[in-house]
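Good morning, and thank you for the invitation to present. I shall take you through one structure, beginning with its ligand and ending with the chain as a whole.

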Amino acid sequence: MASANPFQKNANLLAPYMQLDQRGKVQAEYIWIDGIGEIRSKTTTLDSKVKSLQELKEWNFDGSSTEQAPGGNSDVYLRPAAYYPDPFRGGDNIIVLAECWNNDGTPNKTNHRHAAAKAMEQAKAHKPWFGMEQEYSLFDVDGKPYGWPKGGFPGPQGPYYCGVGAGKVYARDLIEAHYRACLYANINISGINAEVSPSQWEFQVGPSEGINMGDELTVARYILARVAEEWGVKVSFHPKAVPGDWNGAGCHTNFSTEEMRKEGGIKAIEAAIEKLGKRHKEHIAVYGADNDLRLTGKHETGHIGEFSYGVANRGASIRIPRHVAAQGKGYLEDRRPASSVDPYQVTGIIVETTLL
Ligand code: ADP
Ligand code: MN
Ligand code: MN
Ligand code: MN
């Protein structure tokens, strides 16, 4: 039977084709961040298995169709930055994460990876580690929150966070598929949990060092969008995807340096927090659009207008986890970034503010 949802692939029809021999050729899915921060991709055929990044060609696309270039000068270049096993095609097929470059040799306005990679290079002696907690919300293709009763609302928040059981948890199959696909792709995915609002979830990536954080989070977002596409479900990274008394979605960014992870590292953590406090506005400026709808001081957030921090305080800008305070070393959690944040911008500015 044909799929009722035109956006959904028909697994039964596709399966025999996916088993056909590729005759030694490899499919490389180039992915990049577009003009509105979403991921785009296109595929090219390679003659053989890829063994190093250098083997991958620079490619290009029509930037006027992705809000990345004007129509009169539309070519944007894709420079391979990293590659991963492709969980959708399997075998030797790969996902290629690419940076966007303009034809005059400057980074495209969407390419925040380039500046972040420079900062990471300058700060590499500190061995900066990040762990990002990506929250997101699921929607039906008709635009209603996924699984919510049509024309009504689910019961108030309470049973859904880390919920188990029918009526408390939504789309576990999709989430499970994403988790396994990330593991297959060598993404350092460290966990998942159902979130406070129904059909809202979180996955965590990290700890990952330097520029790898942004790379792995970007690929994990791509994999999520692809898996959800097969389920006929939309993923929203909007920080307040459902208005009203429902938790918004953030992308808490955990951060440490070698010094913070060593005995007595709490001193370095406190010094970093002091520096972060002095640049609150600059950070907020790159922590994602519409974040003011989320950082209200309610729903486990600190208010967007003021910087605060505290041990185990989920209503602060920066939280020092209880176990970190107890051990006197570890990491800090920046709770301000919106779920839609560009991971290169957040990791880049944290390194810039605290280490450079
Ligand atoms: P929360 O209690 O805030 O929900 P999570 O368990 O969801 O915390 O996420 C914690 C994150 O912190 C994970 O992404 C993990 O990789 C990251 N993390 C753990 N240790 C470190 C560290 N030393 N430096 C940076 N990030 C870390
Ligand atoms: Mn978390
Ligand atoms: Mn969370
Ligand atoms: Mn957190």
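Which atom of Pro207 lies 3.1 Å from an oxygen atom of ligand 1? It is a backbone N or O atom of Pro207, rather than one described by its side chain, that lies 3.1 Å from that ligand oxygen. Please keep in mind throughout that this is a predicted model.

Pro207 deserves a further remark. The peptide bond that joins Gly206 and Pro207 is cis, with omega at about -5 degrees. Pro207 itself is found in strand 8. Both partners in this bond, Gly206 and Pro207, are among the residues that come nearest to ligand 1; the others named are Glu202, Ser256 and Glu333, out of 19 residues around the ligand.

Two side chains also offer polar atoms to ligand 1. For Glu202, a polar side-chain atom lies 3.0 Å from an oxygen atom of the ligand. For Asn254, the corresponding distance from a polar side-chain atom to a ligand oxygen is 3.4 Å. How much of the 590 Å² that ligand 1 exposes when taken alone does the protein bury? The protein buries 77% of that area.

Let us turn to the site as a whole. The space that ligand 1 takes up is the second largest pocket. Three elements give two or more residues to the shell around the ligand: strand 6, residues 129-140; strand 8, residues 200-209; and strand 10, residues 251-256. By character, the shell residues comprise 7 nonpolar, 6 polar and 6 charged.

I now move to the annotated regions of the chain. An unreviewed UniProt entry lists residues 26-105 as "domain: GS beta-grasp". In the model, that span is 0% helix and 49% strand, and its end C-alpha atoms are 29 Å apart. The annotation "domain: GS catalytic", also from an unreviewed UniProt entry, covers residues 112-356. Here the chain is 35% helix and 19% strand, with the end C-alpha atoms lying 17 Å apart.

Finally, I should like to point out one detail of the backbone. Where is Asp290 located? Asp290 lies in the loop between helix 7, residues 280-285, and strand 11, residues 309-311. Asp290 has a positive phi of about 65 degrees, although it is not a glycine.

To close, let me return to the ligand: Glu202 through its side chain and Pro207 through its backbone each place an atom by a ligand oxygen, at 3.0 Å and 3.1 Å respectively. Thank you for your attention.

Terms used: Residues numbered from 1 in each chain as written. Chains lettered and ligands numbered in written order. Predicted model: local features only at pLDDT ≥ 70, side-chain atom pairs only at ≥ 80, totals over all residues. Heavy atoms only, no water. Near = heavy atom within 4 Å. Polar contact = N/O pair within 3.5 Å; in protein donor to acceptor, adjacent residues only side chain to side chain. Areas by Shrake-Rupley, 256 points an atom, 1.4 Å probe, with all protein chains shown as cover. 1 Å grid on protein atoms, 1.4 Å probe; cavity = no way out; pocket = protein on both sides within 12 Å on 5 of 7 lines; lining within 4 Å. Sits in = over half its atoms within 2 Å of the grid points. Helix = DSSP H or I, 4+ residues; strand = E, 2+ residues; numbered from the N terminus. Nonpolar A, V, L, I, M, F, W, Y, C, P; charged D, E, K, R; others polar. UniProt positions renumbered as here; feature names shortened; annotations may be inferred.
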